[in-house]
Amino acid sequence: MAKKVSEKTEKKSAESTAKKEKAVASKADANKPVSTDEVPDVSIETEERTATDELTVEQRLTNLYKLQTILSEIDKIKILRGDLPLEVQDLEDEVAGLQTRIQNYQLDSKELDTAIGQQRIKITDSTALVNKYKEQLDNVRNNREFDSLSKEIEFQTLEVELAEKRIREFTADSKAVADEIAKSKTLLEERQSDLKSKKKELNEVISETKIQEEQLREKAKNLETTIEPRLLAAFKRIRKNARNGLAVVYIQRDACGGCFNKIPPQRQLDIKLRKKTIVCEHCGRILIDPQLAGVE
Ligand SMILES: [Zn+2]
């Protein structure tokens, strides 16, 4: 696009050679980062002759306002997308977390099952011993043997009771773990479903707005070539610093539509005349009259 502009500039008569050079230099300046000491004075009066010179101040302001509208649309698209990727990421993290939690619970559950199995074996073994000792009791030869067997029976009986107690505890733990697994699985299903729809939404937003954004960027690019480089640079700088991204605002109730400070009547009149680019003395935004913005 810059090429087109400079070609057009070259077609101008030789008498404007010096002016042309100035314009080219100013175009180059526009591509550089703008330092703060270049902040425009209260009014940006453009004396330089450029390819956009055929345009009146009114046309320039109109184009600038149009450009801002397009750029604001692009901002909206970004905001719209800005949330969704984060939401999808959060859900993905949550789903992964729940899956790990379920896996851990399932391991706990397996361990408890194994422990219960071990206690059951203990019960079987001890019961077998108790039965064996009871049979031997019928054939004891002396008191010492009787006492010894009785003690063994008592010990193995306690072992069985202890194992039964442990089985009850492990079973309770196992049930709690099973409850947690069930809860987590329900939550996981919910989150997976949320994730699926959010992903779908994001993909839709991306595919929908991709074309829209490209079209807007193309429009913005074309409009930018119709705006005098110095003015465009000032516009971009103001827009960057403005919280709402608005560099061109219209008068609202005798005040600046950006910072809402009152504008003196004479200044309002100058703005309505559309002969000069006038900026707000308070916030530096470019001021236009509501009619130019298409607002009554
Ligand atoms: Zn202002």
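How are helix 3 and helix 4 oriented to each other? Helix 3 and helix 4 are roughly antiparallel (an angle over 145 degrees).

Good morning, colleagues. The model shown above is predicted; local features need pLDDT of at least 70, side-chain atom pairs count only at pLDDT 80 or more, and totals for chains, interfaces and linings use all residues. Residues are numbered from 1 along each chain as its sequence is written.

Helix 3 covers residues 57–137 and helix 4 residues 143–224; helices here are DSSP runs (H or I, at least four residues), and strands are E runs of at least two, numbered from the N terminus. The two helices pack at about 165 degrees, with axes 3 Å apart, the axes being lines fitted to C-alpha atoms over the stretch in contact and angles running from 0 to 180 degrees between N-to-C directions. Their contact comprises 41 nonpolar, 16 polar and 27 charged residues, where Asp, Glu, Lys and Arg count as charged, Ala, Val, Leu, Ile, Met, Phe, Trp, Tyr, Cys and Pro as nonpolar, and the others, Gly among them, as polar.

I turn next to helix 5, residues 229–241. Its buried residues include Pro229, Leu231, Phe235 and Ile238; buried requires 20 or more other C-beta atoms within 10 Å, exposed 12 or fewer, and partly exposed lies in between, with C-beta atoms placed from the backbone.

Finally, consider the loop between strand 2 (248–250) and helix 6 (265–273), where aspartate 254 is found. Most residues other than glycine have a negative phi. Aspartate 254, however, has a phi near 65 degrees, and with 10 C-beta neighbours inside 10 Å it counts as exposed. Phenylalanine 260 lies in the loop between strand 2 and helix 6 and has a positive phi of about 65 degrees. Phenylalanine 260 is partly exposed, with 13 other C-beta atoms within 10 Å.

Conventions: Angles under 35 degrees count as roughly parallel, over 145 as roughly antiparallel, 65 to 115 as roughly perpendicular and the rest as oblique. The expected span of a helix is 1.5 Å times one less than its number of residues.
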